[in-house]
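Subject: Structure handover

Hello,

Here is the structure I said I would pass on. Please look through it before reading the notes underneath.

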Amino acid sequence: MKSLITTLKNIFSIKELKDRILYTLLLLLIFRIGTEIVLPGVRADVLKSATNANANDLLGLLNIFTGGAFNNASILALGIMPYVTHFHCCTIIGICSALFPTFTVKRR
Amino acid sequence: MSLTSIVVQLLGFAVPYFQRLQSKEGESGRKKLNQITRLLTVAITLVQGGAYLTYVNSLGAVDTKIPTGIFWLCNSIILSTGTVFSMWLGERITDKGIGNGISLLIQMGIIARLPQAFAFEFSSQASNNNLLIFILELALLFAVIMLTILVVQGVRKIPVTFANRMVGRTSKYMPGEGARDYIPLKLNAAGVMPIIFAQALMFLPATVAQFATKDQSALASSSIFSALNDFMSIPYNIIYFVMVVLFTYIYTALIVNSQQYTDYLKRQNAFIPGIKPGSHTNEFIDSITSRITLPGAIFLGIIAIFPAIAGRVLGINHSFAVFFGGTSLLILVGVALDTLQMIESYLLMRKYDGLVESGKIQGRSSSGINIGAGY
């Protein structure tokens, strides 16, 4: 336990590291606040009671990955989901070009 | 022209273009690729935002006083902006903060649900006078996390001998000095990616069915749909398990490039004792990789379906059971290890004692699996 405290002291004695960690925490806090702000025109109470039922299906799972933003109809409801989707698309293309090298050869 | 031929032509054009941007054109190519990524992401945002608004609308949660057109227009823009903002936050963290920003944002989302799930499980067990069971669940969670760390960190060390190694001189440019006379082949080279990928594919059928069918009540009573839509059901988990094992194999084949190791050894004038350099070494590394991938793949599969086991067999509350494995646990463990490793390297650079006695945390980043870190 003592060594943990000294390590934490060490971390905060390095200025650059301290700044980087605090900056990261600040941005993460901003992200969290964003997930709690509801979209205009959406009745949060209705949404809440309607989505309580689906805890077990896949949309419930999606909600867990977005930190509850999905069921809140928050302004960050999609979060980085589109980015991840895009990443998946690139992966599929990557797999295709690895499996079928003809894709890459053809256009030389 | 058929649709497939268009797709093939597009791929034939796009793949070499992206490869060239990524590998040959250096910094400017990377910037261009980032730009394309952002634009495509915004395009995807518009589609997903529309789908999401349709979903919210179908639940009847839209205020009727607001004109429909304004609601759709405003909220599409807001959702797109929200995504771009999240991406910006992630990139800032990667640049000026610590850790991989996008991974950390995903991690935040998952962690944010944890206290709530804990409290819910605690109160429901406490009201049944089952506090002992709650403590046992915590012990099980601890054990699962330990096991996950063990396998994420697990490597097979292949010993390497350097032919012209100088004795008595130390240089940081000489690999093979000190503890690193081996090639570490990861037990789980593919990391969390196969699970995320399989997970994304599992979302597809149910989502498409939901959007394509007008009669929602008929859909809900269909047994195939309800089995695929329930992540605790047995058919869902069997398919999921098989997909995770399969994708782990594909990913490992893509990531572990035995030729790279062989070339590296050749350049360093090194060899694996008992194995001839060149193609023999190549085959040797290949065979070891495929041997350690099988247990790795099966382990990933078990981790992936463990929430269902925890929920069905042990009767753990579903919102809490999710943390017993699957994508959430692997992301939590992986990102935490990566971030720790980065802090560790700062400490070591300035000659402080690290976070761990033995001084070795291996993140996953070295083998290239970071969500959103690249392709």
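The notes below take the chains in turn, then some helix contacts, then two single residues.

Please keep in mind that this is a predicted model.

Chain A

Chain A has 7 helices and 0 strands. Along the sequence this reads as α-α-α-α-α-α-α. The chain has 108 residues, and 52% of them are buried. Its accessible surface is about 5400 Å², with 68% of that belonging to carbon and sulfur atoms. If you take the contacts in chain A between residues at least 6 apart in sequence, 53% of them join residues at least 24 apart.

Chain B

Chain B contains 14 helices and 4 strands. Of its 375 residues, 41% count as buried. The accessible surface of chain B comes to about 19800 Å², and carbon and sulfur atoms account for 66% of it. Among the contacts in this chain between residues at least 6 apart in sequence, 66% link residues at least 24 apart.

Helix contacts in chain B

Two packed helices are described by the angle between their axes and the distance between the axes. I have used that description for two pairs, and helix α6(B) takes part in both.

The first pair is α6(B), residues 131-153, with α12(B), residues 279-312. Their axes come within 12 Å and cross at roughly 150°. Angles over 145 degrees count as roughly antiparallel, so α6(B) is roughly antiparallel to α12(B). The crossing of these two helices is left-handed. On the α6(B) side, the contact involves Val144(B), Leu147(B), Thr148(B) and Val151(B). They meet Phe299(B), Ile303(B) and Phe306(B) of α12(B). By class, the contact of α6(B) with α12(B) has 6 nonpolar residues, 1 polar residue and no charged ones.

The second pair is α6(B) with α14(B), the latter covering residues 326-349. Here the axes come within 10 Å and cross at roughly 60°. The two helices are therefore oblique to each other. α6(B) passes α14(B) in a right-handed crossing. From α6(B), the residues in the contact are Val144(B), Ile145(B), Thr148(B), Ile149(B), Val152(B) and Gln153(B). From α14(B), they are Leu329(B), Leu330(B), Val333(B) and Leu337(B). The residues of the contact of α6(B) with α14(B) divide into 8 nonpolar, 2 polar and no charged.

If you open both contacts in the viewer, note that Val144(B) and Thr148(B) appear in the contact with α12(B) and also in the contact with α14(B).

Two single residues

Is Thr35(A) buried or exposed? This residue lies in helix α2 of chain A, which covers residues 15-36. Its relative accessibility is 1%, and buried means under 20%, so Thr35(A) counts as buried. Leaving aside residues up to four places away in sequence, Thr35(A) touches Thr66(A), Ala69(A), Asn72(A), Ser74(A) and Leu76(A).

Asp286(B) is found in helix α12 of chain B. With a relative accessibility of 40%, Asp286(B) counts as partly exposed. Asp286(B) and Ala253(B) are 33 residues apart along the chain, and their C-alpha atoms are separated by 9.2 Å.

Regards

Notes: Residues numbered from 1 in each chain as written. Chains lettered and ligands numbered in written order. Predicted model: local features only at pLDDT ≥ 70, side-chain atom pairs only at ≥ 80, totals over all residues. Heavy atoms only, no water. Axes fitted to C-alpha atoms, helices over the stretch in contact; angles between N-to-C directions. Parallel < 35°, antiparallel > 145°, perpendicular 65-115°, else oblique. Left-handed = near helix turned anticlockwise from the far one by under 90°. Contact = heavy atoms within 4.5 Å. Nonpolar A, V, L, I, M, F, W, Y, C, P; charged D, E, K, R; others polar. Buried < 20%, exposed > 50% of the residue type's maximum accessible area, 1.4 Å probe, protein only. Areas by Shrake-Rupley, 256 points an atom, 1.4 Å probe, with all protein chains shown as cover.
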